[in-house]
Amino acid sequence: MIRSSGDSQVTSSHASRPALVDRFGRVHRSLRVSVTDACNIRCQYCMPAENVQFLHASRLLSFDQIEIFVRQAVACGVRKVRLTGGEPLLRPDLFRLVEHLNEIQGLDEIALTTNGMLLAKQIGPLAAAGLKRVNVSLDTLSAENFKVLSRRDGLSRVLEGIDATQSFPQVVVKLNALLLRDVNLVDVFDLMEFALQRALPLRFIEFMPLDSDRSWTQSRMVSGAELRSMIAERFGPLEVVKDRDPHQPAVDYVLVHGGGRIGFVDSVSNPFCGSCDRLRLTADGKIRNCLFGREEWDVAPLLRNSPDADRAIEELLRLSVWAKHASHGIDSPDFQPPARAMYQIGG
């Protein structure tokens, strides 16, 4: 059950505007911004194998337009921005957007989620621009399984990107892994060893019904509970981290006898909607209040055609937040996935 905070007039220390609070008292402080829907791999859990039609460049929000939107969001209390895609590093000169966002007073953190294949060449400028966190998708350490899962080669480039990023101590690196029972569940222990050897946090994310092929099945999904059982049997008992951020989707654990931080994003089997503080902006300028939602609010016309539209942008933000449902409804018998797949929404 979601409990109201009882304070609909929560305000930001950097602005007098009320925070973005929904009908259930959830205060929204995190924004995911997709900079492109294009990607250089074709992961089974996200995209079709062939014949993908990406947005024309003219339909993507410009960096200036993204900055305008983020400024309005920050004025309403957003404190964290994560750049996503598609593969965000396919967007030319992404470091320039990071530079501009880093100048926004009140924005505490700029992060990036990437498949890592282009990371080695770009992490230097990104770190210099003010990037604070990088989440790299690493679903397997087997080149063969990587090709089956992503339908492309490239594991060596991902590993190169991880190594390169670890040479920038000001950037926090995390690994994300999604396991499909029939493809890469066999890699779970190798991924654990890799993360432990490099002292990198590792998060296991459940397969969600957001794949473009609509091939999601419960049987292919590996639940967080099953993974915790497997890991405990091999590496010893797990203990929940006590100082975790309650708004983060992952529940973090440590190995009682060996350290290491392992997170589990149990989006399907154990939803965390009650503490969700996220909003999303798609690459073509749609506000989404839930990853699984079927509603969108088109802010692109305001960003493209109305240079003095600050108030209208804020009103659209508040409208989308107020319309947010109590939960994403995956466990409902009449659940329907959104029309857009993960790569089109922003991971």
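**Exercise 1. State how helices α1 and α9 are oriented to each other, and justify the class.**

Solution. α1 and α9 are roughly perpendicular to each other, a class that covers angles of 65 to 115 degrees. The step behind this is the crossing angle: the axes of α1 (residues 63–75) and α9 (residues 310–322) cross at roughly 65° and come within 10 Å. Axes here are lines fitted to C-alpha atoms over the stretch in contact, with angles from 0 to 180 degrees between N-to-C directions. Helices are DSSP runs of H or I with at least four residues, and strands are E runs of at least two, numbered from the N terminus.

The model is predicted; local features need pLDDT of at least 70, side-chain atom pairs count only at pLDDT 80 or more, and totals for chains, interfaces and linings use all residues. Residues are numbered from 1 along each chain as its sequence is written, and side-chain values use heavy atoms, without hydrogens and water.

**Exercise 2. List the residues that make the contact of α1 with α9.**

Solution. On α1, take Ile-68, Phe-69, Gln-72 and Ala-73; on α9, take Asp-310, Ile-313, Glu-314 and Leu-317. Contact means heavy atoms within 4.5 Å.

**Exercise 3. Describe the chain as a whole.**

Solution. Begin with secondary structure: the chain has 10 helices and 12 strands. Next, take the extent: along the principal axes, the C-alpha atoms fill a box of roughly 55 × 45 × 40 Å. Finally, consider contacts with a separation of 6 or more: 71% of them join residues 24 or more positions apart.

Conventions. Parallel < 35°, antiparallel > 145°, perpendicular 65-115°, else oblique.
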